[in-house]
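Open your viewer, load the model and get ready to click along. We will look at the whole chain before visiting individual places.

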Amino acid sequence: MAEKHVVVLGAGFAGLNAVRVLSREPSLRVTLVDRNNYHLFQPLLYQVASAGLEAPQIAFPVRAFLRRHKNARFLLGSAEGIDAEAKVLMVEGKPVPYDYLVVGSGTRTNDFGLPGVAKYSYAMKTLDDAMRIRDRIISAGEEASRTADPQRRKALMTIVIVGGGPTGVELAGALGEVRRHVIPRDYPGVDLSEVRIILIEGSDRLLDAFAPSSARYAQRFLERLGVEVWFGERVVEIRPDGVKLLSGKFIPTFTAIWSAGVTGQGIPGLPTTRGNRVATTPQLYVPEHPEIYVAGDMNSLEYKDGRPYPQVAPVAMQQGRLAAQNILRHLHGKEQKAFRYFDKGNMATLGRNAAVAEVKGLRLTGFPAWAAWLGVHLYYLAGFRNRLMVLGNWAYSYFTYDYAVRVMHHRHEFPALETQVERAGEMVNA
């Protein structure tokens, strides 16, 4: 069999699992392409943002991963487009020919075209995003501790999180722990009543993918931490000094974190559908170009009730493996298999000794769910050294009620706070 070249775009969960399978076939040459030289464990990004973990502890070098896969190579660069007819992927001006292409490029933040979201809010999709949030929060605490203006101090110490899915809930819980245990010790001059964590959700409940009982447990726990959970509110604008809601309320804040949705990471030359995702056959290849496979968050294959599969790591991992297996089946003249999702359940952590977990009809809350969440995330975290460091930081935080990584890399400056007169006609939420 002549050597075939398989290009895998994206070093996320889908891409790495595809490479694992493809590397077993000695007749293949595999090239993994990514704009970063590391695999990012995104489920723990919120802990970097809340000063619980250092950024390198949830990232693993791609080249270290490829050491075990002798027929795989790495190319650092951003994909600019696909020429499907010529079977070429363009990477920063360089053509990379392929016989098969696996696209696992993931998602980006969806701002829904709302004014100010892209400019003034903080997303949480990359390591840089998480570190900027951490620096922003620490910078706000430092300025609040020395300002004499009570209104400005309240805006500095108010954090608004938009989106009540797992990302928003987990970040709110982590910041609620910081509010309870860290701020009173680090900033004794700051009145704790001025420190507000506001979680805004447009629907009438948190964690839409979970059972209502799990969502209620999460809400009650967050509220006990001091997190304000606002339902039925929609953001219409993010400003430098606050968040404007459809109801007319305005929340003065210098830190708005956007976790309200994502959209596919579209690539020129690859046809997309709703949500900037790509329609494929059940075997995960593009109908017009059967040599192109799409795995993970970019795939729009329908799951339940006409909705696509959730954009979560288990789906990406399973689709990455199947895409690679189907390439091998095609090479050997075998029938390709359709994707069947093995749902391992849902988990979300809320804080110390508290989480929600749902696995095959079994619903856990509290410490059992929290312990299961710890074990699952440690297991899937890449790199033995990373697992040890993360476990060490978790143990330190658990026994000391402290978050270890409160180092500010870049100090943030904050704009002037507009007066209520300048916001005429708006209802200011004090």
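Strands here are DSSP runs of at least two residues, numbered from the N terminus. With that in mind, select K249, which lies in strand β16 (residues 249-252). Keep in mind throughout that you are looking at a predicted model.

**Stop 1: K249**

Is K249 buried, exposed or partly exposed? At 23% relative accessibility, K249 counts as partly exposed, because that class lies between the limits of 20% and 50%. Now add E233 to your selection. From C-alpha to C-alpha, K249 and E233 are 9.4 Å apart in space, and 16 residues separate them in sequence.

**Stop 2: the whole chain**

Zoom out and show the chain as a cartoon. You should find 11 helices and 26 strands in the protein chain. The radius of gyration is 23 Å, close to the 22 Å that the globule rule gives for 430 residues, so the chain is as compact as a globular protein of that length. Turn the model around: along its principal axes, the C-alpha trace spans about 75 × 45 × 40 Å.

Next, switch on a surface. The protein chain exposes about 19,400 Å², and carbon and sulfur atoms supply 53% of that area. Of the 430 residues, 54% count as buried. If you look at contacts with a separation of 6 or more, residues 24 or more positions apart account for 66% of them.

Try colouring by charge as well. The chain has 52 positive and 42 negative side chains. How far apart do the centres of the two sets lie? They are 7 Å apart.

**Stop 3: two helices**

Select residues 127-144, which form helix α5. This helix has 18 residues and reaches 26 Å from its first C-alpha to its last, close to the 26 Å expected at 1.5 Å a residue. Helix α5 is mostly covered, with 14 of its 18 residues buried.

Then move to residues 313-331, helix α9. Its 19 residues should span 27 Å at 1.5 Å a residue, and the end C-alpha atoms are 27 Å apart, which agrees. Because 14 of its 19 residues are buried, α9 is largely enclosed by the rest of the structure. Follow the chain onward from α9 and you come to G333, whose phi is positive, near 75°.

**Stop 4: three buried residues**

Start with V8, in strand β1 (residues 4-9). The relative accessible area of V8 is 1%, so this residue is buried. Show its surroundings: leaving out residues up to four places away in sequence, V8 touches G15, A18, V19, L22, V30, T31, L32, V33 and V102. For a long view across the model, select G361 too; its C-alpha is 35 Å from that of V8, and the two residues are 353 residues apart along the chain.

Now go to N17, in helix α1 (residues 13-22). N17 has a relative accessible area of 5%, so N17 is buried as well. Which residues does N17 contact, leaving aside its neighbours within four places in sequence? They are M317, G320 and R321. Select T281 for another distance: the C-alpha atoms of N17 and T281 are separated by 20 Å, with their positions 264 residues apart along the chain.

The third residue is L381, in the loop between α10 (366-380) and α11 (384-400). L381 sits in a loop, and with a relative accessible area of 1% L381 is buried. Not counting residues up to four places away in sequence, L381 touches F41, Q57, I58, N386, R387 and V390. Add A59 to the view: L381 and A59 are 322 residues apart along the chain, while their C-alpha atoms are separated by 8.7 Å.

**Stop 5: two lysines with a positive phi**

Before the last stop, a little background: most residues other than glycine have a negative phi. Select K87, in the loop between β6 (79-83) and β7 (88-91). K87 is not a glycine, and yet its phi is positive, about 55°. K87 is partly exposed, with a relative accessible area of 33%.

Finish at K360, in the loop between β24 (354-359) and β25 (362-365). K360 also has a positive phi, about 50°, although K360 is not a glycine. Is K360 buried or exposed? At 64% relative accessibility, K360 counts as exposed.

Conventions
Residues numbered from 1 in each chain as written. Predicted model: local features only at pLDDT ≥ 70, side-chain atom pairs only at ≥ 80, totals over all residues. Heavy atoms only, no water. Helix = DSSP H or I, 4+ residues; strand = E, 2+ residues; numbered from the N terminus. Rg over C-alpha atoms; globule rule 2.2 N^0.38 Å. Buried < 20%, exposed > 50% of the residue type's maximum accessible area, 1.4 Å probe, protein only. Contact = heavy atoms within 4.5 Å. Areas by Shrake-Rupley, 256 points an atom, 1.4 Å probe, with all protein chains shown as cover. Lys, Arg positive; Asp, Glu negative; His and termini not counted. Charge placed at Lys NZ, Arg CZ, Asp CG, Glu CD. Expected span 1.5 Å × (residues − 1).
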